[in-house]
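Here are a few short exercises to work through with the model open beside you. Try each task before reading its solution.

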Amino acid sequence: MRRRKRQLSEANLPLLEHLKALRKVLIISAYAILLGTVIGWFFSDRAFAYLADPIIQLQEITFITTTPLEPMLVKVKVSMLIGVVLALPLVFWQIWSFVLPALKQNERKYLYLIFPSSVLLFLSGVGLCFFVVLPIGLKFLLFVGGDAVTSYTPLLTKTSYIGFLMTMFLTFGLVFQLPIVLLVLIRIGVLTPQMLAAKRRWAILTIVILAVVVSPTPDLLTQLLMAGPMYLLYEMSIWLGYLVARSREKELALK
């Protein structure tokens with residue numbers, strides 16, 4: 001009986017270790033975001049003025065306040081957004097260190113390539129969202145159907161706008177992680193670039209469906225603006241995948 005309990009305890013040890021590692025990742029990431037939020041508090045007003053520029057450029061939009069707490073909530077949300085951006089490198093380091101523990105000792109060097117690439121791709125997705133998708137999408141969403149009303153002035157609360165921004169930024173940032181995920185799968189031998197190239201038609205269909213599902217807005221325009229870059233990233237993953245696969249084959253041949 002004691003021997004059986006000991007065997008069960010040893011079998012559960014890896015799971016407990018993974019849970020402890022995950023807990024460590026969450027705690028470190030939370031503290032990093034909290035520290036970044038405190039720093040962001042002092043820059044939140046200027047940050048909101050910058051983030052509100054796509055709305056201000058439309059001129060026909062008016063920001064309104066519906067509750068006494070709204071100015072404070074806006075300041076907190078903008079501070080949190082700044083905190084996430086400041087903590088992003090540490091958060092991604094923690095995530096990838098947890099996701100890729102099975103890498104062999106000679107493969108740990110790829111973590112130093114994956115980590116900065118992941119941060120750069122996330123920021124690229126956020127940049128595309130803010131500078132390209134948002135100005136086009138906001139104009140379409142706020143004024144579609146406006147011609148049917150003689151007097152039409154869109155009113156927007158600051159909290160709803162910041163919440164919308166945070167959802168858009170997170171969605172585009174995570175979508176831009178697609179090449180990293182595909183290249184990791186190629187590196188460990190789950191996928192090959194030939195498989196990705198042969199499944200282009202299915203990839204296009206999957207990307208379109210994914211854009212419809214994960215898009216924060218229901219309009220076709222935003223979904224297309226998301227699906228287009230996703231497919232370009234897919235193609236980029238194929239060509240980079242050939243380099244990764246070739247490197248993997250050379251290493252296997254040396255063993």
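Buried means under 20% relative accessible area, and exposed means over 50%. Keep in mind that this is a predicted model.

**Exercise 1.** Find which residues of helix 9 are buried and which exposed residues sit on the face turned away from them.

*Solution.* Start with the extent: helix 9 covers residues 200–214, which is 15 residues. From first C-alpha to last, helix 9 reaches 20 Å, close to the 21 Å expected at 1.5 Å a residue. Next, apply the under 20% cut-off: A203, I207 and A211 are the buried residues of helix 9. They cover an arc of only 70° around the axis, so they lie on the same side of helix 9. Finally, turn to the face directed away from that buried side: the exposed residues there are R201, W202 and V213.

**Exercise 2.** Work out which residues touch the most other members of the largest nonpolar core, and which helix gives the core its largest share.

*Solution.* This core holds 54 residues, and W96, Y161, I162 and F169 touch the most other members. Helix 5 (residues 111–143) supplies the largest share, 12 residues. Now take W96 on its own: leaving out residues up to four places away in sequence, W96 touches L111, I114, S118, I180 and V184.

**Exercise 3.** Describe the chain as a whole: how many helices and strands does it have, and in what pattern?

*Solution.* Count the elements: there are 10 helices and 2 strands. Along the sequence they run α-α-α-β-α-α-β-α-α-α-α-α. Then check burial: 37% of the 255 residues are buried. To finish, look at the surface: about 16100 Å² is exposed, with 70% of it from carbon and sulfur atoms.

Methods. Residues are numbered from 1 along each chain as its sequence is written. This is a predicted model: local features need pLDDT of at least 70, side-chain atom pairs count only at pLDDT 80 or more; totals for chains, interfaces and linings use all residues. Side-chain values use heavy atoms; hydrogens and water are left out. Helices (H or I, at least four residues) and strands (E, at least two) are DSSP runs, numbered from the N terminus. The expected span of a helix is 1.5 Å times one less than its number of residues. Buried means under 20% relative accessible area, exposed over 50%, partly exposed in between (1.4 Å probe, protein chains only). The arc is that of the directions from the helix axis to the C-beta atoms. Accessible areas come from the Shrake-Rupley method with a 1.4 Å probe; for residues, only the protein chains shown count as cover. A nonpolar core is a set of buried Ala, Val, Leu, Ile, Met, Phe, Trp, Tyr and Cys residues joined through side-chain atoms within 4.5 Å. Contact means heavy atoms within 4.5 Å.
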